[in-house]
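Me: I work at the bench and would like to learn how to read a structure. Could you walk me through this one?

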Amino acid sequence: TAAARIEELIEHLEASLAALRSESRNDTLTLIDRIESVTGKLNGTRLALIHQAALTSAAGDELDHRLHNSNRATIRQVRGDIRLARELESRYPLLLDALRNGQLSEQQARAIMTGLNPLQLTETQSVRCQTELIGYATQFDPNELLALATRMVEVIDPDHADAKDAARAERDARVAHASRSLTIAPDHHGSMLLRGRLPLADGELLLAQLAALMPSAESYTHT
């Protein structure tokens with residue numbers, strides 16, 4: 001059976017890893033690179049199997065609890081993996097294939113999905129974006145791929161990008177308003193101390209009013 005063949009392969013792999021030694025730094029770095037690639041393939045295969053298991057789960061047989069029984073991950077992480085597997089299969093099959101082929105790491109795949117998710121892409125748009133971003137995987141890390149994917153969405157749907165910017169500006173304004181403060185107190189040496197935080201527009205208005213009240217430098221000159 002497939003399970004028996006996998007078990008045999010794992011036993012052989014474990015024995016090989018236990019005996020693994022490198023002769024030079026270059027060999028070590030090469031091995032690290034190969035292991036990272038294989039890890040991506042295993043993660044992709046694992047996610048595909050998780051989705052398959054989710055589709056074939058019987059009533060009352062909760063997959064998240066079954067996977068959590070190993071105690072290798074929290075229940076929250078397990079449920080996140082199930083969602084990730086479902087989304088890869090349904091919306092980003094090219095990313096899943098790239099994972100299984102070792103072209104992407106799981107972190108890179110997650111970053112691409114995060115960047116593309118805000119927009120409901122057409123099938124053609126999705127295929128083009130996934131293909132282009134997979135092609136960049138050897139050049140850019142997850143944060144950079146996230147930025148690229150986000151930029152793709154902005155180019156495809158500028159209105160969505162504008163709405164996102166407007167929502168961000170509104171959120172920043174609410175935060176600024178909520179955190180505003182102003183304290184004015186004498187320093188007991190003939191001056192007043194001002195300390196605080198104001199939204200930009202309010203601060204500019206206050207500054208203009210203070211400037212209008214301040215005497216000119218010439219008024220301090222004694223003749």
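Me: Is strand β2 buried or in the open, and how do I tell?

Reply: Count how many residues of the strand fall under the 20% relative accessible area that marks a buried residue. This is a predicted model, and in it strand β2 covers residues 192-197. Of its six residues, the number buried is zero, so β2 lies largely in the open.

Me: Which way do β1 and β2 run, and how many bridges join them?

Reply: Look for the bridges between the two strands, then follow their directions. Here six bridges join β2 to strand β1, residues 181-186, and the two run antiparallel. One of the pairs to look up is Pro-186 with its bridge partner in β2, Met-192.

Me: What should I look at in the hairpin of β1 and β2?

Reply: Look at what sits between the strands. This hairpin has five residues there, and His-188 takes a positive phi near 65°.

Me: Let's turn to helices. How are two packed helices described?

Reply: By two values: the angle between the axes and the distance between the axes. Take helix α5 (residues 93-100) and helix α7 (residues 123-135): they pack at about 25°, and their axes are 9 Å apart. Angles under 35 degrees count as roughly parallel, so α5 is roughly parallel to α7.

Me: Which residues in α5 and α7 meet?

Reply: From α5 come Pro-93, Leu-94, Leu-95 and Ala-98; from α7 come Val-127, Gln-130, Thr-131 and Ile-134. Sorted by character, the residues of this contact are six nonpolar and two polar, with no charged ones.

Me: Ser-126 is in α7 too. Is Ser-126 buried or exposed?

Reply: Check the relative accessible area again. For Ser-126 the value is 9%, so this serine is buried.

Me: What does the side chain of Ser-126 make a polar contact with?

Reply: Its partner is the side chain of Gln-130, at 2.8 Å. Gln-130 is also one of the α7 residues that meet α5. Setting aside neighbours within four places in sequence, Ser-126 is in contact with Arg-91, Tyr-92 and Leu-121.

Me: Now for the whole protein: how many helices and strands are there?

Reply: There are 10 helices and two strands. Reading from the N terminus, the order is α-α-α-α-α-α-α-α-α-β-β-α.

Me: What share of the residues is buried?

Reply: Buried residues make up 20% of the 223. You can also ask how far apart in sequence the contacting residues are: among contacts between residues at least 6 apart, 51% join residues at least 24 apart.

Terms used: Residues numbered from 1 in each chain as written. Predicted model: local features only at pLDDT ≥ 70, side-chain atom pairs only at ≥ 80, totals over all residues. Heavy atoms only, no water. Axes fitted to C-alpha atoms, helices over the stretch in contact; angles between N-to-C directions. Helix = DSSP H or I, 4+ residues; strand = E, 2+ residues; numbered from the N terminus. Parallel < 35°, antiparallel > 145°, perpendicular 65-115°, else oblique. Contact = heavy atoms within 4.5 Å. Nonpolar A, V, L, I, M, F, W, Y, C, P; charged D, E, K, R; others polar. Buried < 20%, exposed > 50% of the residue type's maximum accessible area, 1.4 Å probe, protein only. Pairing = 2+ DSSP bridges. Polar contact = N/O pair within 3.5 Å; in protein donor to acceptor, adjacent residues only side chain to side chain.
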